Amino acid sequence: MKVLKQWAELETPFYAYDRQVLHHALQRAKTAAEKRNYHVHYALKANAEANLLQSIVEMGFGADCVSGQEVECAVESGFAAEKIVFAGVGKSDREIRYALENDIYCFNCESLQELEVIDQLAASMGKVARVALRINPDVDPNTHRYITTGLEENKFGINVWQLEETLARLQTLNALQLEGLHFHIGSQITDLSAFRNLCTRVNEIQRWFFDRQIVPNHVNLGGGLGIDYDRPAASDDPDFEAYFSIFERFLEPRPHQSIHFELGRALVGHCGALISKVLYVKPGIKTDFVILDAGMTELIRPALYQAYHRIENLSKSGQPIAPKKYDVVGPICESSDCFGKAVELPQTERGDWVAIHTAGAYGQVMASRYNLRPFVPAVWTD
Ligand SMILES: *Cc1c(COP(=O)(O)O)cnc(C)c1O
C-alpha cells in the first residue's frame, strides 16, 4: 500500500476503502453462490458505509439486519424488502413494527416470547409475519470465544430441547407463518470443518421437523466465513468457492427449499484500511511505543477481542525492519488501546503514515465517541 497524493490535504485518521477490492470480493461471492442457486444477505453490521452499501445493493445481494436502525438503513439504501432478514435476541416493539410496516422477508426469531410478541404486533396490524426459528445447533466454530454464537451457553437462538414446546406454541399463533430455519455459529471461522459440522446438525434438525410433517421454505446457514488477516493484499481470500462447496456436499436440503447465507466480514474485510499518522515515538522498558493519532475509538477490534491486524509504516515502505520492535498504541486513556505489541516495523518517526490493514469489517461501524473524539471519514479510491 502507498501513501496517495490525494491524502496530502486530509486530516488523519480516516478509513481508506478500495472499490476494486470490494468489487472483486462481491463478484467472486456472487459467482460462487449463484452457481448453486444460493441466496446471500449481506450482514450490515460488518460495515454500513453508504458507498459500500451502494455497491452491495447494485450486486443484487439481500440484507441481514440485527437492529431496527439496520432494517431502516437497508430499506433506505435500496435493498429489496423481500430480501431483508432481521435477527437479534432483543428486538423492541418499535423495531418489530417498523419491519412489519416494510414487509421484510423474514424475522429470525430467537425465543418463544419473541414469537408471541411478533404474533401480537402483526395481528394488531392485520399482517402475517414470516418467521424463521433461529436454532442454536451447539456447534463449536473454533474461533475467539467472544465471537462464538452457536454454543448452548451463548445467548443466541432457541435450544434444541426447547423446540417441541416452541413448535406447539407456534401452531397456535395465527399471525405467524413458519418460513424457515436459521443458524449462525459465530464469526471469523477459518476452519471450514466447523461448517461441515453445522451441515450435519442442520440435517438432523431438518429430519426432526420432517418427522412432524414440517418442511420450511428455506434454510439459512448464517455467516461467519473468516478472512486471512496476515495477508491483507490476498485478492483470492476468502475462498468462497470452497465455502459454498461444503454446503453443496454436506447439506441435505428438501425439495423446493431455498438456501440462504448471511456473509459480512468475508465480503468487506479486505477492502478497508485505517490510515493514521505517528504522533510520538516514546521509549519503553522492553519496546518503544509508537503512538498513533488513531485509537480504539476508530478500530476497537484489538482492544475488544484481541484481534490481530497487520500494521504497515507506509512512509518507510520497503526499508529494512528495525532491529527493535514497537508497541503500536493509540491516544485513548485506556491501556487496552493498543493495536499490536512487539510489532516489527522499519525505524519509525513522528509524522510517518501508518496503515492498519484489513479493517473493512467491524471497523468504522464500531467507532465510538469516547474521549469525545469525532467520527472519522471514509475515503474511496478506485
Ligand atoms: C454477525 C452476523 C452475521 C455475519 O457474520 P460475519 O462473521 O461477518 O460473516 C450473520 N448473521 C448473523 C445473525 C449475525 O449476527
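How many Å separate the centres of domain 1 and domain 2, taken over C-alpha atoms? Before you look, keep in mind that this is a predicted model. The answer is 36 Å.

**Stop 1: the two domains**

Start by colouring the protein chain by domain. For domain 1, select residues 5-14 together with 270-381. For domain 2, select residues 80-263. With two colours on screen, you can turn to the place where they meet.

**Stop 2: where the domains touch**

Next, select the contact residues on each side. You should find 11 residues of domain 1 in contact with 12 residues of domain 2. Between them, domain 1 and domain 2 bury about 1000 Å², and carbon and sulfur atoms account for 57% of that area. Now show His-270, Tyr-305 and Thr-358 as sticks: in domain 1, these residues lose the most area to domain 2, and together they make up 53% of what that side buries.

What holds for polar partners here? Residue pairs in polar contact between domain 1 and domain 2 number 2, counting pairs with both residues at pLDDT 80 or more. On the side of domain 1 that touches domain 2, you can colour by class and see 4 nonpolar, 5 polar and 2 charged residues. If you go looking for salt bridges across the interface of domain 1 and domain 2, the rule finds 0.

**Stop 3: the ligand**

Now centre the view on the ligand and show the residues around it. There are 16 of them, and Lys-45, Ser-187, Glu-262, Arg-265 and Tyr-362 come nearest. Colour this shell by class as well: it has 5 nonpolar, 6 polar and 5 charged residues.

Three distances are worth drawing in your viewer:

- Ser-187: an N or O atom in its side chain is 2.4 Å from an oxygen atom of the ligand.
- Tyr-362: here, too, an N or O atom of the side chain pairs with a ligand oxygen, at 2.6 Å.
- Gly-264: this one involves the backbone, with a polar backbone atom 3.0 Å from an oxygen atom of the ligand.

To finish, switch on a surface around the ligand. How much of the ligand's accessible area does the protein cover? On its own the ligand has 390 Å² of accessible area, and the protein covers 95% of it.

How values were computed
Residues numbered from 1 in each chain as written. Predicted model: local features only at pLDDT ≥ 70, side-chain atom pairs only at ≥ 80, totals over all residues. Heavy atoms only, no water. Domains from an automatic or database assignment. Contact = heavy atoms within 4.5 Å. Buried area = accessible area lost by both parts, 1.4 Å probe. Salt bridge = Lys/Arg side-chain N within 4 Å of Asp/Glu carboxyl O. Polar contact = N/O pair within 3.5 Å; in protein donor to acceptor, adjacent residues only side chain to side chain. Nonpolar A, V, L, I, M, F, W, Y, C, P; charged D, E, K, R; others polar. Near = heavy atom within 4 Å. Areas by Shrake-Rupley, 256 points an atom, 1.4 Å probe, with all protein chains shown as cover.
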